[in-house]
There are 2 protein chains.
Amino acid sequence: MFSVSAKTQYAIRAMSYLATLGGRSATSAEIASAESIPSKYLEGIMSLLKTSGLVDSERGKHGGYRLAADPASITMLSIVEALDGSVKPVTCVDAIGSCAQGQGCQPRKFWIGLKDAIDEYLGERTLKDVTEG
Amino acid sequence: MFSVSAKTQYAIRAMSYLATLGGRSATSAEIASAESIPSKYLEGIMSLLKTSGLVDSERGKHGGYRLAADPASITMLSIVEALDGSVKPVTCVDAIGSCAQGQGCQPRKFWIGLKDAIDEYLGERTLKDVTEG
DNA sequence: TATATTCCTACCATCCCGATAGGAATACTG
DNA sequence: CAGTATTCCTATCGGGATGGTAGGAATATA
């Protein structure tokens, strides 16, 4: 359980690849080829990364993608959230007044604690940590 | 992302309900009614809990389910694993030699670390913690 | 104008999941 | 033994998410 979508795994590999380029930009096709990711599928992923501000893009000839920030300042949490949304074990974790049990709901506290644990782990590792040995 | 299946949430509620009975047994139908869980669906869930040794069951008239252990010694991890399997963000976390990158694969270490963080959180809370206020 | 790229929309196939149905096995009760 | 209440097993189904494809519009360069 708690498996990570292919989309997110692809995104991490794409980001890692960009991190190795030292600021140079790469086209979606180049990344797809280098990382063995379905080319057309990756296009959509790169768009999501763009929307979230994790990469910058340029269109037209000689266009492509580059990291929008230093690998050391891009958290894994930001990548994961860009594709699959925020960590939410159960739907009520962010619905403040929605719990019929009120603010003392113990299960809800339990799930929020899990979310916090995951967010903390993902938030304190960066793309640099995962990319470099 | 990382949402918990309805099956697991149902299971936790069913286990919580059993925990309130102080050792008395309850039928699947009673639990379903008390917790507003689809009755037939819950039957299958109880079977899984039985297989995992979390509950004991008796068939026939006056049959039913009871907790197999004290709520304080049933970890949330054991419940979650009974239904959705072990925490496995990516498939390679437990495939020792399967990583083409060898033992130094950094992404794999990252995912294993996430698994460990989740397992630790779930492993150190018990049914008692979640059931009681 | 030609070409290479991002970007947008629609579509499709497949799998997973929540849920239902029906009935077999089992155990108690009179 | 007959009836009944239960667990347990197997099959099925509909819907939604997911991985992946297709085609083309917008945009930039040469």
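## Exercises on two protein chains and a DNA strand

In this predicted model, a polar side-chain atom of Ser57(A) lies 2.7 Å from a phosphate oxygen of DNA strand C. The exercises below start from this contact and then turn to the two protein chains.

**Exercise 1.** Find which parts of DNA strand C are approached by polar side-chain atoms of Tyr65(A) and of Lys40(B).

*Solution.* Begin with Tyr65(A), where a polar side-chain atom is placed 3.0 Å from a phosphate oxygen of the strand. Next take Lys40(B), whose side chain has an N or O atom 2.6 Å from a base oxygen of DNA strand C. Finally, consider the atoms of the strand within 4 Å of the protein, of which 66% belong to sugar or phosphate, while the rest belong to bases.

**Exercise 2.** Describe the protein surface near DNA strand C by its nearest residues, its elements and its residue classes.

*Solution.* First, there are 23 residues around the strand, and those that come nearest are Ser28(A), Glu43(A), Ser57(A), Ala6(B) and Lys40(B). Second, at least two residues each are supplied by α3 (39-51), β1 (55-58) and β2 (64-67) of chain A, and also by α1 (6-19) and α3 (39-51) of chain B. Third, sorting the residues of this surface gives 10 charged, eight polar and five nonpolar.

**Exercise 3.** Work out how chain A and chain B are related in space.

*Solution.* A turn of 180° with a shift of 0.0 Å along the axis lays chain A on chain B, with an RMSD of 0.1 Å. The two copies are therefore related as by a two-fold rotation axis. Among the residues of chain A, the one that comes closest to this axis is Phe2(A), whose C-alpha is at 2.5 Å. Because 100% of the interface residues of chain A are also interface residues in chain B, the copies meet through the same surface.

**Exercise 4.** Characterise the interface of chain A and chain B by its buried area, its polar contacts and its residue classes.

*Solution.* Start with the area buried between the chains, which is about 2700 Å², with 74% of it given by carbon and sulfur atoms. In chain A, the residues that lose the most area to chain B are Met1(A), Phe2(A) and Phe110(A), which together account for 30% of what that side buries. Then turn to the pairs: zero salt bridges are found across the interface, whereas 12 residue pairs are in polar contact. On the side of chain A that touches chain B, α5(A) gives the most, with 11 residues, and the residues of that side divide into 18 nonpolar, seven polar and six charged.

Conventions:
Residues numbered from 1 in each chain as written. Chains lettered and ligands numbered in written order. Predicted model: local features only at pLDDT ≥ 70, side-chain atom pairs only at ≥ 80, totals over all residues. Heavy atoms only, no water. Least-squares fit on C-alpha atoms with pLDDT ≥ 70 in both. Contact = heavy atoms within 4.5 Å. Near = heavy atom within 4 Å. Polar contact = N/O pair within 3.5 Å; in protein donor to acceptor, adjacent residues only side chain to side chain. Helix = DSSP H or I, 4+ residues; strand = E, 2+ residues; numbered from the N terminus. Nonpolar A, V, L, I, M, F, W, Y, C, P; charged D, E, K, R; others polar. Buried area = accessible area lost by both parts, 1.4 Å probe. Salt bridge = Lys/Arg side-chain N within 4 Å of Asp/Glu carboxyl O.
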